[in-house]
Amino acid sequence: VSIVTGKQILVLFKSNDNSYTDGTRIVIGTDTAEKSFDPTVGLALHEASHIAHTEFKILSNFRSEVAMQGLDPGLNLSSNEFDIIKNILNWIEDRRIDLLSYNTAPGYRN
C-alpha cells in the first residue's frame, strides 16, 4: 500500500466481501488464504490508488455539491436515490482508478 500512496496506511482484514477505503485506512474483506494472496494484494493496491487519486471531500460533501451546481436545489433526493447515485459514482471512480493503475503500473494487470 505504501508503494502506491507513499504513506503508512492502516490495512484491516475482515472476513466479509466488502473492501473499501475512507481515505485514511483500508479495509480488505476477503479470504487471506495463500491461494488468494494475489487477488488480496490487488484489492489493497486498488484501494491504495483511491487514497492517492480520489477526491474524498467531493463525495463527503456530495449533497451540498449537488445543490451548489443547481442539480437538486431543494435536496429532494430520497436516501435510496442518494445511495444509488453514490454507488454509480463509485463504480465510475473504480473504473477511472483501474485505468490509471493499468496505464502507470503494468504489474497491476493480470
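## Close-up views of a predicted model

At 12% relative accessibility, Asp98 counts as buried. Asp98 appears again below with its salt-bridge partner; let us start with the whole chain, bearing in mind that this is a predicted model.

**View 1. The protein chain combines five helices with three strands.** Following the sequence, the elements come in the order α-β-β-β-α-α-α-α. The chain has 110 residues, of which 25% count as buried. It exposes about 7,700 Å², and carbon and sulfur atoms supply 54% of that area. Taking contacts between residues at least 6 apart in sequence, 43% join residues at least 24 apart.

**View 2. Helix α5 takes in residues 79-104.** With 26 residues at 1.5 Å each, α5 should span 38 Å, and its end C-alpha atoms lie 37 Å apart, so the two values agree. The buried residues of α5 are Phe82, Glu93, Asp94, Ile97, Asp98 and Ser101.

**View 3. Arg95 and Asp98 join their side chains in a salt bridge.** The N to O distance here is 3.4 Å. These two residues of helix α5 are about one helical turn from each other, because they sit three residues apart. Asp98 is the buried partner, while Arg95 is partly exposed at 36% relative accessibility.

**View 4. Arg96 pairs with Glu93 in a salt bridge.** The closest N and O atoms are 2.8 Å apart. Again, three residues within helix α5 put Arg96 and Glu93 about one helical turn apart. Glu93 is buried, with a relative accessible area of 16%, whereas Arg96 is partly exposed at 39%.

**View 5. Arg25 and Asp22 form another of the three salt bridges.** Their closest N and O atoms are 3.3 Å apart. Arg25 is partly exposed at 29% relative accessibility, and Asp22 is partly exposed too, at 38%.

**View 6. His50 is a buried residue of helix α2.** Helix α2 covers residues 37-53, and the relative accessible area of His50 is 5%, which is under the 20% cut-off and therefore counts as buried. The side chain of His50 makes a polar contact of 3.1 Å with the side chain of His46. Leaving aside residues up to four places away in sequence, His50 touches Thr21, Phe56, Glu93, Asp94 and Ile97.

**View 7. A nonpolar patch on the surface includes Leu89.** Joining Leu89 in the patch are Ile84, Ile85, Ile88, Trp91 and Ile92, and together the patch residues have about 550 Å² of accessible area. Leu89 belongs to helix α5 and is partly exposed, with a relative accessible area of 35%.

Note on methods. Residues are numbered from 1 along each chain as its sequence is written. This is a predicted model: local features need pLDDT of at least 70, side-chain atom pairs count only at pLDDT 80 or more; totals for chains, interfaces and linings use all residues. Side-chain values use heavy atoms; hydrogens and water are left out. Helices (H or I, at least four residues) and strands (E, at least two) are DSSP runs, numbered from the N terminus. Buried means under 20% relative accessible area, exposed over 50%, partly exposed in between (1.4 Å probe, protein chains only). A polar contact is a pair of N or O atoms within 3.5 Å; within protein, one must be able to donate a hydrogen and the other to accept it, and residues adjacent in sequence count only if both atoms are side-chain atoms. Contact means heavy atoms within 4.5 Å. Accessible areas come from the Shrake-Rupley method with a 1.4 Å probe; for residues, only the protein chains shown count as cover. The expected span of a helix is 1.5 Å times one less than its number of residues. Patches are made of residues with over 30% relative accessible area and no salt bridge: like charges are joined within 9 Å, nonpolar side chains (Val, Leu, Ile, Met, Phe, Trp, Tyr) within 5 Å. A salt bridge is a side-chain nitrogen of Lys or Arg within 4 Å of a carboxyl oxygen of Asp or Glu.
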